[in-house]
Amino acid sequence: MQAQATQITHAYKQAPWRVQRQWVGAFLLALIGIAMIAALYLDVTARAAMAGREIQELRFEITAIQRANADLETELADMTSTAAMQRRALELGYRPVKPGELDYVPVPGFSAPEPAILLAAEDTVPHDQSLPPEYSQSLIEWFDERIKFGGFQP
Amino acid sequence: MRQQYAVRSLILVAGLVVVALAVIVQIIRIQNSEQAMIFLSQGDRYAGEFSMFYPERGEIYDRNGHLLAGNRTVFEVGVSLNEMRDPDAMAYTLGTYLGLTYEEVRNRLINSPDGWEYIVVQDYVGADTVTSLQELMQQLDDAEDPRLSGLGFKPHYQRSYPETALASNVLGFVTRDGRGYFGIEEKYNDLLAGNPVQVWVPRDPNKAMEIPRVPNGTTLVLTLNRDLQAKVESILDESLSKYGAENGTVIVMDPRNGEILAMAATPRMNLNDYGNYFSLYDNGSQYNRSIGMAYEPGSVIKVLTMAAALDAGTVRPDTSFIDTGSIDVGGITIQNWNRDAWGQQNMIGCLQHSLNVCMAWISSQMGTHSFYDYMERFGFGHPTGIDLAGEAMGRLKVPGDTDWYPVDLGTNAFGQGVTVTPLQMLMAVSAVANDGKMVTPHVLYSMLRDGHQYNVPSQYAGSPIKADTARTLNEMLAISLEEESSSALLPGYRLAGKTGTAQIPTDFGYDTFRTNVSFIGWGPVDDPQFMVYVWLQKPTASIWSSETAAPVFSQVAEQTVILLNIPPDNIRNQLAAK
């Protein structure tokens with residue numbers, strides 16, 4: 001009885017239609033795998049391209065804003081130039097002061113403030129930064145990095 | 001039957017394999033052919049473009065943060081010839097908006113050289129004009145009218161000077177090729193301009209990271225006080241008109257650290273229109289007479305002769321001198337400015353009455369070695385080292401030079417036969433106002449780059465005289481100014497100073513009708529905070545410094561104490577005592 005069951009199982013395994021189905025299954029599995037990887041690759045590449053384009057546009061925008069900033073600064077300087085301020089002061093009824101008209105008041109601890117241009121000398125200029133790898137890495141590079149440095153944690 | 005089918009299948013498979021192999025071979029051959037290389041290089045050409053990234057030129061501010069030189073956007077207006085549809089409409093429109101003639105524009109559009117795809121019609125076009133053109137293009141686009149197809153605008157910076165001519169002699173200017181000329185713009189051109197970078201800019205968005213960031217040029221903060229500069233220029237202009245002088249210069253410096261607070265000279269030019277340079281100046285030395293033009297200064301140099309003699313111990317303030325009206329030096333007779341004999345004088349009297357004979361006697365007593373040693377210590381014959389382009393260094397003839405004569409020892413003592421720039425005089429006399437320490441004049445206060453600030457330290461240029469000598473002479477000059485009832489005085493403030501009236505050398509000897517008038521002064525005497533040098537060329541209202549340069553000094557000193565918040569002496573002493 002035992003031997004008969006083994007014989008039937010063996011015969012089933014060796015059935016030609018069974019072998020063909022296994023091949024077809026394996027082929028389809030491989031095809032699905034390749035399709036998934038291709039889709040993932042396409043998705044990542046498309047995202048990277050979009051991000052790159054966005055970066056380019058932002059850089060153009062930064063340049064335009066810097067130009068506008070320079071223009072506004074110069075325009076402001078035009079409006080507050082010595083000649084313009086003097087003209088406006090005279091129109092408002094002011095006149096140049098004379099030495100005898102000045103009062104000097106001692107203010108303990110007072111020191112003349114630094115000009116704004118010097119106070120503003122903080123790190124406002126962006127340094128040359130490289131893009132995060134997420135924006136430029138290929139899928140293969142990403143896999144390689146994960147394997148080298150371990151883990152697939154987000 | 002089955003076997004026959006199998007053979008046919010094999011033949012078919014073999015045929016397909018051969019075809020497939022042929023296709024692969026052909027692919028490989030094409031990929032590696034010469035034509036493929038050409039196509040690849042063409043593809044690379046369109047994959048991006050070489051672009052030159054010019055940094056924004058650094059700005060220039062005065063010490064209180066007022067913008068003196070900035071940048072504004074202008075446009076290059078050009079036409080892509082391949083996209084142009086209607087040259088007549090384009091020529092008419094651009095001619096109208098850009099102030100060109102229709103024929104001129106059309107000729108350039110139609111007759112452009114072979115192979116040109118883009119042509120610049122006009123550069124440095126203002127934003128207003130470009131905005132109007134862009135609005136017109138938009139209207140045509142909305143109407144799907146292609147008459148202005150191909151018209152393009154490329155923005156870039158242009159130097160802009162909000163104060164137009166203010167401090168033009170100090171700032172210099174920038175031409176359209178981006179190079180600075182004269183003054184700060186030339187001296188610090190490399191710092192201001194930054195480093196242009198030429199890079200390949202890919203169109204592939206995946207390579208966006210390869211576009212470099214170009215840091216802006218260094219921003220400079222100057223020691224100039226804009227408001228004082230404006231006042232000084234105004235006073236100078238009025239003085240030229242009032243006294244009929246050809247040109248002039250006024251410098252205000254802090255004697256404690258060499259910071260130039262104001263430096264006015266004539267003529268000045270609107271820096272936004274540097275094209276008028278050649279109509280204003282015959283040569284570069286005239287651009288800033290304060291540093292570029294050496295002249296015989298006359299009696300202002302007596303301050304230094306006296307400083308040297310006091311320091312060397314040749315004379316003391318109470319040393320007596322009998323002025324007979326003339327003295328023989330090197331076989332030549334030297335006389336006083338009015339040819340009179342002033343009788344017995346002490347050294348304060350010699351300064352007060354500006355006696356040439358007394359000064360020639362002093363230098364003779366010192367001897368050539370000692371006198372010229374001091375004059376060299378005061379920096380004569382050498383540039384001051386100020387951070388402005390175009391500095392002259394004057395000429396101090398010394399024994400041994402082929403054109404030096406013994407009489408020069410006498411004439412040099414009262415400022416004839418020696419040439420100096422106004423700034424050299426100011427630097428030399430700073431030793432008297434600053435306890436014997438001579439300061440190096442400078443215009444740069446601070447540099448700002450990448451968010452960091454670098455302050456420029458003050459430098460001493462040596463100590464040509466002792467501190468005691470400086471204090472003694474300071475007092476002597478204050479007394480001589482007070483006793484002379486000089487028009488240089490300023491009520492409420494004790495000042496020290498000296499006039500200078502110099503004859504002008506010509507090819508035929510000294511001009512007897514025209515003079516250069518100068519005045520050097522500083523204050524407050526007990527704590528000098530400002531020094532002023534005035535030079536007026538060939539005044540016609542009076543040839544004397546006491547009647548021309550001295551009142552100008554007083555006006556400048558008045559504005560200086562107001563704008564620098566220097567209280568009158570009595571109030572200052574009261575405040576100090578609290």
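## Notes on a two-chain model

1. Let's start with Asp450(B): it has 13 C-beta neighbours inside 10 Å, so it counts as partly exposed. (A residue is buried if 20 or more other C-beta atoms lie within 10 Å of its own, exposed if 12 or fewer, and partly exposed in between; C-beta atoms are placed from the backbone.) Asp450(B) isn't a glycine, yet its phi is positive, about 50 degrees. Look for Asp450(B) in the loop that runs between strand S16 (444–449) and strand S17 (452–455) of chain B. Helices (H or I, at least four residues) and strands (E, at least two) are DSSP runs, numbered from the N terminus.

2. Before going on, some housekeeping. This is a predicted model, where local features need pLDDT of at least 70 and side-chain atom pairs count only at pLDDT 80 or more, while totals for chains, interfaces and linings use all residues. Residues are numbered from 1 along each chain as its sequence is written, and chains are lettered from A and ligands numbered from 1 in the order in which they are written.

3. How far does the predictor trust itself? The model scores ipTM 0.80 and pTM 0.83. For chain B the mean pLDDT (the predictor's confidence in each residue, from 0 to 100) is 91, with 98% of its residues at 70 or more. Chain A averages 80, and 80% of its residues score at least 70.

4. Lys538(B) is another non-glycine residue with a positive phi, about 50 degrees. Its place is in the loop between S20 and H19 of chain B. Lys538(B) counts as partly exposed because it has 18 C-beta neighbours inside 10 Å.

5. Two peptide bonds deserve a look. Thr266(B) and Pro267(B) are joined by a cis bond with omega about -10 degrees, and Pro267(B) sits in the loop between strand S11 (260–265) and helix H10 (277–280) of chain B. Gly523(B) and Pro524(B) also share a cis bond, this one with omega about -20 degrees; Pro524(B) lies in the loop between strand S19 (509–523) and strand S20 (530–537) of chain B. Why flag these bonds and the positive phi values above? Most peptide bonds are trans, and most residues other than glycine have a negative phi.

6. Is helix H12 (residues 302–312) of chain B enclosed or open? Ten of its eleven residues are buried, so H12(B) is largely enclosed by the rest of the structure. Among the buried ones are Lys302(B), Thr305(B), Ala308(B) and Asp311(B). Right after H12(B) comes Gly313(B), with a positive phi near 85 degrees.

7. One partner of H12(B) is helix H18 (residues 467–483) of chain B: the two axes come within 10 Å and cross at roughly 135 degrees. Axes are lines fitted to C-alpha atoms, for helices over the stretch in contact, and angles run from 0 to 180 degrees between N-to-C directions. H12(B) and H18(B) are therefore oblique to each other. (Under 35 degrees is roughly parallel, over 145 roughly antiparallel, 65 to 115 roughly perpendicular and the rest oblique.) Their crossing is right-handed, meaning the near helix is turned clockwise from the far one by less than a right angle; anticlockwise would be left-handed. Val303(B), Met306(B), Ala307(B), Leu310(B) and Asp311(B) of H12(B) make the contact (C-beta atoms, placed from the backbone, within 7 Å) with Thr469(B), Thr472(B), Leu473(B) and Leu477(B) of H18(B). By class, that gives six nonpolar, two polar and one charged residues. Ala, Val, Leu, Ile, Met, Phe, Trp, Tyr, Cys and Pro count as nonpolar, Asp, Glu, Lys and Arg as charged, and the others, Gly among them, as polar.

8. Helix H9 (residues 226–243) and helix H19 (residues 549–563) of chain B have axes that come within 10 Å and cross at roughly 165 degrees. That makes H9(B) roughly antiparallel to H19(B). The contact includes Leu228(B), Val232(B) and Ile235(B) of H9(B), along with Val552(B), Val556(B) and Leu563(B) of H19(B). Its residues divide into six nonpolar, four polar and two charged. This crossing is right-handed.

9. On to chain A, which has five helices and zero strands. Of its 154 residues, 6% count as buried. Phe27(A) is found in helix H2 (residues 16–79) of chain A, and with 10 C-beta neighbours inside 10 Å it counts as exposed. Phe27(A) and Arg146(A) are 119 residues apart in sequence and 28 Å apart in space, C-alpha to C-alpha.

10. Where should you be careful in chain A? Residues 122–129 stay under a pLDDT of 50, and the model has nine contacts beyond four places in sequence for them. Among the elements of chain A, helix H4 (residues 116–119) has the lowest mean pLDDT (67), and helix H3 (residues 82–91) the highest (95).

How values were computed:
Two residues are in contact if their C-beta atoms, placed from the backbone, lie within 7 Å.
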